[in-house]
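Trainee: I would like to go through this structure slowly, with a question at each step and the reasoning spelled out.
Mentor: Then let us look at it together and begin with a single residue.

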Amino acid sequence: MTTAMRDIAATLDVPAHDAQLLRFTNNAVFALPNAGIVIRIARTHQLRDRVTKVVQLGRWFADIDAPTIRLARDVEQPIEVGELVASVWQFVPPHPPAPTVGDLGTALREFHALGVPPFALPLWDPIGDARRRLADADGLGKPDRDFLVDWCDRLQPEVATLVKRGTQTLIHGDAYAGNLLRESSGRTVMCDFDATCVGPWQVDLAAVAVGEARFGGTGRHRSLVTAYGIDITAEPSWPILRDARELKMIAAAVPLLTTSPNVADEFTIRLRSVRHNDPTARWTPFADLAVPRKDRR
């Protein structure tokens, strides 16, 4: 991934000596502060279509001045490097204070009001996404695979009913404070649109509630409720949304099982807690496991 990043930087004729690895999960995300860009490289061929989608979204976001980060100027995208594909974005230097869950609630209200873009986007399909990840899982044992397939089979009709009955709007798909940045003007903007799609807006309110339950801590969900104005845990759709979110949080690790022992261990912990119906089991964010501590930003 580092070699691919350097190849892209060379193609763009920008320096890469100051490159910083920001994330290393489904994407390898590198900041090049001196060049003023961020390079996001998809780690598996299964995610190639997502890169094309996020580039299309990035162009639309700029046209309508959405509360989002912007694509790098004057760069033909997506960029292919061998079997890999990448997108390039404008670098937003960190500005205090760090974005909060309250900021997330405000940003989501604005994001959901954007309407549906004038081009096709996939419908929210957490089951299809999980199945695609299972198909890209060399390190997944048969018992675990069978359990995840059965989970998908059980949840699929419930999700289909929710999508059919819900109001369809633009949803971020992975809405939590870690996907916010603060610009120098003070405005908070959203980033990471891999999971952005069309579906019930309630999907975006589930991530914080599930995250608080699984990762620990208190007060974040209440802050989101105050800022957005709705408590998703009181909605009839909450049990389905919680189940779908936990499936996503577990299936996300499947393509990485053979490349990151720490992620593989966390995957086992998460799957065991669901198998044993243990809602009190505490999880660790994959982003905190996949990147060496000295490289976290």
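**Single residues, a helix and two spaces**

Mentor: Asn277 is exposed, with a relative accessible area of 65%, and please keep in mind throughout that this is a predicted model.

Trainee: Why does Asn277 count as exposed?
Mentor: A residue is called exposed when its relative accessible area is over 50%. Asn277 belongs to the loop between helix 9 (261-275) and helix 10 (287-290), and Asn277 counts as exposed because its relative accessible area is 65%.

Trainee: What is the phi of Asn277, which is not a glycine?
Mentor: Most residues other than glycine have a negative phi. Asn277 is not a glycine, yet its phi is positive, at about 55°.

Trainee: Where is Asp65, another residue with a positive phi that is not a glycine, and is Asp65 buried, partly exposed or exposed?
Mentor: Asp65 has a phi of about 55°, and its place is in the loop between helix 2 and strand 4. The range for partly exposed residues runs between 20% and 50%. Since the relative accessibility of Asp65 is 49%, this residue is partly exposed.

Trainee: Which residue is joined to Gln77 by a cis peptide bond?
Mentor: Most peptide bonds are trans. Here, however, omega is about -5° and the bond is cis. The partner of Gln77 lies in the loop between helix 2 and strand 4 (79-81), and its name is Pro78.

Trainee: What is the omega of the cis peptide bond that joins Pro96 and Pro97?
Mentor: Pro97 sits in the loop between strand 5 (84-90) and helix 3. The bond joining Pro96 to Pro97 is cis, and its omega is about -5°.

Trainee: Is Arg182 buried or exposed?
Mentor: Arg182 is part of strand 7, and a residue counts as buried when its relative accessible area is under 20%. The relative accessibility of Arg182 is 10%, and therefore Arg182 is buried.

Trainee: Which backbone oxygen lies 2.5 Å from a polar atom of the side chain of Arg182?
Mentor: Leaving out residues up to four places away in sequence, Arg182 touches a number of others, including Val92, His95, Pro96, Asp103 and Thr188. Its side chain also reaches the backbone oxygen of Gly186, at 3.2 Å. The backbone oxygen at 2.5 Å, however, belongs to Pro97.

Trainee: How far apart are the end C-alpha atoms of helix 3?
Mentor: Helix 3 covers residues 101-112, and its 12 residues at 1.5 Å a residue should span 16 Å. The model agrees with this expectation, because the end C-alpha atoms are 16 Å apart.

Trainee: Which residue has a side-chain oxygen within 3.3 Å of the backbone nitrogen of Gly102?
Mentor: The buried residues of helix 3 include Val101, Leu104, Ala107 and Phe111, and among the elements that cover the buried residues are helix 2, strand 6 (168-171) and helix 7 (220-228). The contact you ask about is found at the start of helix 3, and the side-chain oxygen comes from Thr100.

Trainee: Which residues, leaving aside neighbours within four places in sequence, are in contact with Ala35?
Mentor: Ala35 lies in the loop between strand 2 (27-32) and strand 3, and it counts as partly exposed because its relative accessibility is 25%. Asp18 is 17 residues away from Ala35 in sequence, with a C-alpha to C-alpha separation of 9.0 Å. Once the neighbours in sequence are set aside, the contacts of Ala35 are Val14 and Pro15.

Trainee: What is the volume of the largest cavity?
Mentor: The count comes to 1 cavity of 30 Å³ or more. Its lining is made up of Asn27, Arg40, Ala42, Val51, Val54, Ser87 and Asp194, which divide into 3 nonpolar, 2 polar and 2 charged residues. The volume of the largest cavity is about 40 Å³.

Trainee: Which helix gives the most to the lining of the second largest pocket?
Mentor: The second largest pocket holds about 640 Å³ of space, and of its 35 lining residues the closest to its centre are Arg50, Asp129, Arg132, Asp194 and Ala195. By class, the lining has 14 nonpolar, 7 polar and 14 charged residues. With 6 residues, the element that gives the most to this lining is helix 2.

Note on methods. Residues are numbered from 1 along each chain as its sequence is written. This is a predicted model: local features need pLDDT of at least 70, side-chain atom pairs count only at pLDDT 80 or more; totals for chains, interfaces and linings use all residues. Side-chain values use heavy atoms; hydrogens and water are left out. On a 1 Å grid over the protein atoms alone, a cavity is a set of points where a 1.4 Å probe fits but cannot get out, and a pocket is an open set with protein on both sides within 12 Å along at least five of seven lines; lining residues have an atom within 4 Å of a point. Grid points are joined across faces, edges and corners, and a volume is the space filled by probe spheres set on the points. Ala, Val, Leu, Ile, Met, Phe, Trp, Tyr, Cys and Pro count as nonpolar, Asp, Glu, Lys and Arg as charged, and the others, Gly among them, as polar. Helices (H or I, at least four residues) and strands (E, at least two) are DSSP runs, numbered from the N terminus. Buried means under 20% relative accessible area, exposed over 50%, partly exposed in between (1.4 Å probe, protein chains only). Contact means heavy atoms within 4.5 Å. The expected span of a helix is 1.5 Å times one less than its number of residues. A polar contact is a pair of N or O atoms within 3.5 Å; within protein, one must be able to donate a hydrogen and the other to accept it, and residues adjacent in sequence count only if both atoms are side-chain atoms.
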